[in-house]
Amino acid sequence: MESHHSYSLILNAAPLKGEMSVLFSGRGEPVAGHFIGPAVHDIYLIHIVLEGEGQFETLGKTYTCRAGDAFIIFPDILVRYEASASDPWKYMWVGFSGELVETALSSVGITPDFAVVRNCPMPAIQKMFRSIRKSMDKTNVPVLGNMEASGWLRLLFYELGRLQLTENAPVQVPVARSYRQIDQAIRLLSLQYGQQLSIESIAQTLGYHRAHLTRLFKEATGLPPMQYLLKVRMKKAEELLEGELTVAQIASSVGYNDPLFFTKQFHKWSGQSPTDFRKALRGRI
């Protein structure tokens, strides 16, 4: 069954690592009831609803978003969004990353707690999205296209921030502490996977009993914390095996002091030893 009536995506051919860069932009018309999540993403995403409606869930709250509304997805924050069954939305989106993105967004009032912006001026917003896509289509000089797309992204931040800080000042609504803590746990595991982590240390950091944290974490993600950590580590190990680091260096990079134990864990995860996994990767090049 098709998930979209229509769908288009354009990629940035020359994003700069570490810089605020657009990665891709798309436009879609999901079918009624189509949903994504609950899941975490490793980049930032801004969706602008063009028509129809749907629901966006983050940090334990559910927002109904309609034409003219924007919702922002932050890395490592659990989210879910779903098209209405009776009037499914159409939307545009832009994915981006960069070391200063979080600071830039928070400076204009856009944070994980305030991730929905209402009543956007659609002609101006749609022009920005069209300009972002047009910039990335400059395949003859992609580095210039990247710079132009980044400039339009900053203008998009400005427009959303103008609404957030002036016309639609956010109301301070308390968010359930448990949801905050689980999001913090996800962020901790996703960023600190190379450290010697245990469920006890995580629970102590977040102020929970380990059994209570495990239950809440599994409810939110479908996995206990340590299985989630294993998944993060193995995915990172797969990435590193594409390079030239030794198995011992990779083991240390993803939190294993013992390369042999890492090899056993990786074999359970992938069905192959790290060495065989690397050989298979290079065989496909």
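Two strands are taken to pair if DSSP finds at least two bridges between them. With that criterion in hand, the sheets of this predicted model can be followed strand by strand.

The protein chain contains ten helices and ten strands. Six of the strands form an open sheet in the order β1-β2-β9-β4-β7-β10, and the pairing is antiparallel. The edges of this sheet are held by β1 (4-11) and β10 (116-117), each of which has a single partner strand, so one side of each is left without a neighbour in the sheet. Strands of a sheet pair through backbone hydrogen bonds, either parallel or antiparallel.

Within this sheet, strand β9 (residues 90-97) lies between β2 and β4 in the strand order. On one side, β9 is joined by seven bridges to strand β2 (residues 21-30), the two running antiparallel. Two residue pairs help to locate this pairing in the model: S21 stands opposite S97 of β9, and R27 has M92 of β9 as its bridge partner. Strand β4 (residues 44-51) is likewise joined to β9 by seven bridges in an antiparallel arrangement, and here Y44 stands opposite F96 of β9. Is β9 enclosed or open to the surroundings? Six of its eight residues are buried, so β9 is largely enclosed by the rest of the structure.

Two of the residues just described reappear in the surroundings of V101. This valine belongs to helix α1 (residues 101-107). Buried means under 20% relative accessible area, and V101, at 0% relative accessibility, therefore counts as buried. Neighbours within four places in sequence aside, V101 is in contact with M20, Y44, F96 and F157. Y44 and F96 are the residues that stand opposite each other in the pairing of β4 with β9. By contrast, D69, which is 32 residues from V101 along the chain, has its C-alpha atom 21 Å from that of V101.

A further set of pairings involves strand β8 (residues 79-83). This strand is mostly covered, with four of its five residues buried. Three bridges join β8 to β3, and the two strands run antiparallel; A39 stands opposite V79 of β8 in this pairing. Strand β5 (residues 53-58) is joined to β8 by five bridges, also antiparallel, and the bridge partner of Q55 in β8 is E82.

Some backbone features deserve inspection. Most residues other than glycine have a negative phi, and most peptide bonds are trans. Where does the model contain a cis peptide bond? Such a bond joins G37 and P38, with omega at about 0 degrees, and P38 is found in strand β3. D76 is not a glycine, yet it has a positive phi of about 65 degrees. D76 is found in the loop between β7 (70-73) and β8 and is buried, with a relative accessible area of 10%. N119 also has a positive phi, of about 55 degrees, although it is not a glycine. N119 lies in the loop between β10 and α2 (122-136). Whereas D76 is buried, N119 is exposed, with a relative accessible area of 56%.

D76 and strand β3 lead on to the largest pocket, which has a volume of about 870 Å³. Of the 24 residues that line this pocket, those closest to its centre are H41, D42, D76, S190 and V232. Three elements give two or more residues to the lining, namely β3 (35-39), α4 (177-191) and α7 (225-240). Which of the elements gives the most? That is α7, with six residues. By class, the lining comprises twelve nonpolar, five polar and seven charged residues.

The chain may finally be considered as a whole. Along its principal axes, the C-alpha trace spans about 60 × 50 × 40 Å. For 285 residues, a compact globule would have a radius of gyration near 19 Å, and the 21 Å of the protein chain agrees with this. Buried residues make up 45% of the 285 residues. Of the contacts in the chain with a separation of 6 or more, 73% are between residues 24 or more positions apart. The pairing of β2 (residues 21-30) with β9 and the contact of V101 with M20 may be viewed alongside that figure.

Notes: Residues are numbered from 1 along each chain as its sequence is written. This is a predicted model: local features need pLDDT of at least 70, side-chain atom pairs count only at pLDDT 80 or more; totals for chains, interfaces and linings use all residues. Side-chain values use heavy atoms; hydrogens and water are left out. On a 1 Å grid over the protein atoms alone, a cavity is a set of points where a 1.4 Å probe fits but cannot get out, and a pocket is an open set with protein on both sides within 12 Å along at least five of seven lines; lining residues have an atom within 4 Å of a point. Grid points are joined across faces, edges and corners, and a volume is the space filled by probe spheres set on the points. Ala, Val, Leu, Ile, Met, Phe, Trp, Tyr, Cys and Pro count as nonpolar, Asp, Glu, Lys and Arg as charged, and the others, Gly among them, as polar. Buried means under 20% relative accessible area, exposed over 50%, partly exposed in between (1.4 Å probe, protein chains only). The radius of gyration is taken over C-alpha atoms; the globule rule is 2.2 Å times the number of residues to the power 0.38. Contact means heavy atoms within 4.5 Å.
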